[in-house]
Structures are given as structure tokens and as C-alpha cells.
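The following exercises are to be worked with the sequence and the three-dimensional structure at hand. Each task is followed by a stepwise solution.

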Amino acid sequence: MAHVYTPFPILNGLEMMIPKIKRAEDSFCLQFYRFSKIYGDVYQIHIGTRLIVVANSFDSIKELWASKNVKGNNSRPLGYSFHKVLSKGVYTIGTTPAGESYKNARKNISENVLCEKRNNDFNYVVMNKFCDLMIDRLIHNSSDKVLISNSILRETQYFHLAVALWLTYGFEFNPEDPAHKILADKIIVVENKITKVRSHVQNSVDYLPFLLRKIISLFSSKNEEFNELYIAREQYLELFCSYSKKLYNDIKTGLIFQSYKDHEMAINDVEDLKQTLMYTYFNDFNKRITYEEITSECLTMVSAGLDNTPLNFKYGLHQLANYHPEIWEQAYSELMNSYDGNYMKAYDECGATMKCEYIKAIVQETLRLFTVLPMALPRETTSDIYYKDSIIPKGTTLFLNCWAGNHDKKKFPDPMKFVPERWLITIVNDKMEKQYSIDSNIKHLAFGIGCRMCLGYNFAFRELYILFSKIILKFEPARKTSGSHIPSDNPLELNMYPESLAIEPIDFEIHLKVRNQYELIVSG
Ligand code: HEM
């Protein structure tokens, strides 16, 4: 395995961390990819005192992250800035190093919220409800014509937050309530700032030797900023925790029923509330989960999809509305066909049954092409790992160049093109109609891979499926005829913050028109 050599042992590679002009070519995933053309798909670098192995092709990532003979790539590196200053001991599951606490939290959140069984039994109802409310708001704020630009991002963030707060705390978030809106906007801003300051290569002090780091930290203004973010996070986590504690007590004492007029409705609602993550925690008298672990789960629920899911949706809509209205209309027909041409059935049941393979392909292609976390999340080895004829020692940091893997020409021909069909197997039936099914042999890396792959991938996939289905059913693309410049469809060229962990596209317009309701009812 080649070693990318730079001349100064301590400052090695630190120049990579100085953000240059904000150009797509300076994105870290592309810088790392360019090295692979000289040194091979997998190479090692030193950044400061750390040894880092970077993998830059689909096959090498698969081999290093997911092959049977690779064990011990199962931890996350601790960073001084993020873990010690910003988080002060309570992190999301995705940033927690390997250990018993990590395992407990991962198992508990999976069983109680994120597994596919929960999505099928329960989560979809909550997602449907908040997606319908979101679409009603979008329509209400327009007349017949709807112009959705960046507001779609904020609306989708409200949608995700509403789903997450309900499933975690039983808190019913309503963006039309001014107090709720202020709180939600604060959460969105804080979590977004945290995403911006925690990329792999952003906190250069983390890579310095202890003493040098201490000295620099004394003069750094970053500590103050991180402290403010920590306090803000703690405040809203505590607020929601007290809310769910009160809810639990009210349910236990029966006080909750006083707020309902209709007893039957109260019973149904209370049964639903008993399924929320915090209710389950308070109700578990064996206390299998510690307070720190449940806090880590709550933080994960609030923050993990708050940017990732909406950013994917915003980018997918850009592709469909601004570049491929024909795919939008094809998706509409496929959705209607999946529900016997019955519009209301399609709209109401899409979240529960997920019958339309074409929509699944749109979601997959969006996740692949966009690759919201182009360098995924870093890993750390807990034992030696063998790769071809090299030994990667315990304690090495691994960087997964997800962007390079998802745009690897060998796996995805024409990788920069938006082609949902690449995910589909097409069969022509007796009536000479095309029928699609998802090709389960193709995989992308947007959710990472291996033992620490994204735990919310089914959850996020379902959210995206519901969002795309309902928006495509309700709206049609209405391209502006004159005067508008359509921005690039290359995610890296759209990215406002190449130095951040996530790709955040610039503002652009997406013009949509509500479908003719009369036609919909007739066709339904
Ligand atoms: C489109 C949306 C999302 C994308 C693209 C995404 C992507 C990722 C990626 C790349 C990782 C690192 C995986 C690795 O190291 O191999 C990750 C980890 C994780 N994600 Fe997601 N994520 C999304 C949404 C969510 C949601 C909605 C949740 C939960 C509510 C979630 C929960 C997690 C957790 C718990 C981990 C850490 C897993 C571990 O370290 O064991 N994610 N995600």
C-alpha cells in the first residue's frame, strides 16, 4: 500500500485542511480521489500525528469495510474538538467509539424505533401524517401555482423533525405554532452548524500532538463557538426530556385522559404514545439502558436525518423538476399503475405498502448520485486489519471515500447521470406492458457499509419514498419558460460548503404546479 509522503512529520497533510477557494475541484473527496490515480485505490497518509488509510473505489471499500476477513474496523476516532469540547461526553451513536455503551444504544434504538418492522407497523403512519400536513401547508401557501424553492428544504426539515420528535418523545410538533417554529428553527440552525464544524479534515488541532494542541486551543476562538453549540443542544434535549417525563407520568396516573373529550380517541392516542422511545425508557424498570445511552439515542433521532434526508430530497427534486420532467411523469404513471389507477389509494397507501419500484429506483439514484456525506463518517480500527499484502495496525483511522465509490465508472456507467433505470430489472408482461422490479444486486454506499453502516437507512429510505411519492402525486413540474438559469446538476458544483461534512446545495428554484384536482378525482 502506497504512502502519500509529505516532508514535515508533524504538519504532514495539514495543508489539506486549509479550505481553499470554494470550488468543486477542492472538495476533499476529489482531492483524495486524485491521489488514488497516482498511489492506487487504497493508500495511507499521515495528517499530523495520525495514520489514515483512505479507500477510493467501490471494490476496495467493499473489501476493506465489508469482507468477512476484515474485523476490527468497528470504531470511530475520538476528536478533541468534537468529542471533548463540543459534546462533553454525550455523542450521537454514529460518533460513539466501539464498546458496551455503543452496543446497548444501537440495539435499543434499533428495536424500538429504526428497524424495518417498526417502519412497517408504526413509523409509516407518523411519516404519512406529517408529510400530508407538509403538503397541505405548501398548497395553502399558494393558489393554483406553487413555486417551491429553498422553502422545500425547510419544510422537509420540519417534516423530519416532526416525525423524529413524535417517535422519540411523543411531542407533537406543529410549525404553524410560533413557539414551536422558533424552537425548530433553532434546532435546525444548531445541528447544521455542528455538521459544518465536524468534517474529517476541519479541526486541524485534533491531529496535533497533545501539548501543541493544548497551546493552540488556549488562543482559539473555536472553543467558545463549540461551547455555545453544546449549551444550545443541551437545552433542547432537556426540554424534550422533561416533556416526555411529564407525558409518562400523566399516562401512568390517568391524568392524560382529562385533556380528551372523546374517550375512544384518547385510548388510541395513548396506546400510540406508549410506543415512543422515551416512554419505553421510563417504563423499563430493569433499566437496561443508562441515561447517557438514551440521551445519545435521542440526539441521534433529532440530528442524524435532519440535514441528510431533506438535502437528498431537495437534490432529487432538482433532478426531476429541472432536468427530467419526463422521469417525474413516468413516476406518476408508475405510482398510479401500482394502485390500480386509483389516485386516493396511491396517495393514502404509498407509505404503508411501498409498492412502486420506480419510486424506489428514484430514491436509490438520488442517494447514489448526490452522496450527501461524500466522505461518510470516519472509522477507527480496534485490531490489526489485513488488506492484500499490507497490515493496517490497530488504532488507524479509515476514511471511506463514498463519493468515489458511488461514482465509480466500473460499477455505475455514466456515473454523473441521473438514471433511475439502472436500479431496475424490466420485464415485459403478456399484455406487452413494462414491469419493473428493483435489482437487489446493485448497492450504493450513501449509507456507508459494513458493521457501522447507517442504522437509519430503512427509516430514511421510507421517509424519502413517502416524500417523493406524495409530491409527485400532488404536483407536476412547471418549468419556467423564460429568464431562469438552471443551476448545475453536479452536487459538488452546487455545494456551498466544500469543507463541511455534508453537501449543501445552493438555493435554486423548483417550479411545480398542483395537478388538476378534477382530473385526479375522475382518474381515481
Ligand atoms: C438520507 C439520509 C441518511 C444518510 C445518507 C445517512 C448516511 C450515514 C452514513 C454514511 C453513516 C456512516 C456509516 C458508516 O460508517 O459506514 C451513517 C451512520 C449512522 N446513521 Fe445515517 N444517514 C441518513 C439518515 C439517518 C437517519 C434518519 C438516522 C436515524 C434517525 C440515521 C442514523 C444513523 C446512525 C445511528 C449511524 C451510526 C451507525 C453506527 O455507527 O453504528 N441516519 N449514516
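**Exercise 1.** In which loop is Cys454 found?

*Solution.* The structure is a predicted model, in which local features need pLDDT of at least 70 and side-chain atom pairs count only at pLDDT 80 or more, whereas totals for chains, interfaces and linings use all residues. Residues are numbered from 1 along each chain as its sequence is written, and side-chain values use heavy atoms, with hydrogens and water left out.

Step 1. Locate the elements: helices (H or I, at least four residues) and strands (E, at least two) are DSSP runs, numbered from the N terminus. Cys454 falls in the loop that runs between strand S10 (434-438) and helix H18 (457-474).

Step 2. Assess accessibility, where buried means under 20% relative accessible area, exposed over 50%, and partly exposed in between (1.4 Å probe, protein chains only). Cys454 is partly exposed, because its relative accessible area is 30%.

Step 3. Consult the record. An unreviewed UniProt entry places the feature "binding site" at Cys454; UniProt positions are given in the numbering used here, feature names are shortened, and annotations may be inferred rather than shown by experiment.

**Exercise 2.** Describe the largest pocket by volume, lining and composition.

*Solution.* Step 1. Apply the criterion: on a 1 Å grid over the protein atoms alone, a cavity is a set of points where a 1.4 Å probe fits but cannot get out, and a pocket is an open set with protein on both sides within 12 Å along at least five of seven lines; lining residues have an atom within 4 Å of a point. Grid points are joined across faces, edges and corners, and a volume is the space filled by probe spheres set on the points.

Step 2. The largest pocket holds about 600 Å³ of space. Its lining comprises 26 residues, and those closest to its centre are Gln364, Ile442, Lys443, His444 and Met453.

Step 3. At least two lining residues come from each of helix H2 (58-66), helix H16 (357-370) and H18.

Step 4. Classify the lining: Ala, Val, Leu, Ile, Met, Phe, Trp, Tyr, Cys and Pro count as nonpolar, Asp, Glu, Lys and Arg as charged, and the others, Gly among them, as polar. The lining of the largest pocket then divides into 13 nonpolar, seven polar and six charged residues.

**Exercise 3.** Repeat the description for the second largest pocket.

*Solution.* Step 1. The second largest pocket contains about 360 Å³ of space. Of its 17 lining residues, Lys129, Trp166, Glu172, Asp269 and Leu273 lie nearest its centre.

Step 2. Two or more residues of this lining are given by helix H5 (116-140), helix H9 (222-253) and helix H10 (263-273). H5 gives the most, with five residues.

Step 3. The lining of the second largest pocket consists of ten nonpolar, two polar and five charged residues.

**Exercise 4.** Characterise helix H16 and the residue that follows it.

*Solution.* Step 1. The expected span of a helix is 1.5 Å times one less than its number of residues. H16, with 14 residues, reaches 20 Å from its first C-alpha to its last, close to the 20 Å expected at 1.5 Å a residue.

Step 2. In H16, 14 of its 14 residues are buried. Leu369 is located in H16 and counts as buried because its relative accessibility is 0%.

Step 3. Thr371 follows H16 and lies in the loop between H16 and strand S5 (379-380). Its relative accessibility is 1%, so Thr371 counts as buried.

Step 4. Phi of Thr371 is near 45°, a positive value in a residue other than glycine. Most residues other than glycine have a negative phi.

**Exercise 5.** Determine how strands S9 and S10 are joined, and how S11 and S12 pair.

*Solution.* Step 1. Two strands pair if DSSP finds at least two bridges between them. Strand S9 (residues 424-428) and S10 run antiparallel and are joined by five bridges. Ile427 stands opposite Gln435 in S10.

Step 2. The hairpin of S9 and S10 has five residues between the strands, and Met432 there takes a positive phi near 60°.

Step 3. Strand S11 (residues 475-477) pairs with S12 in the antiparallel sense over three bridges, and Glu476 has Lys513 in S12 as its bridge partner.

Step 4. Strand S12 (residues 510-514) is largely enclosed by the rest of the structure, because four of its five residues are buried.
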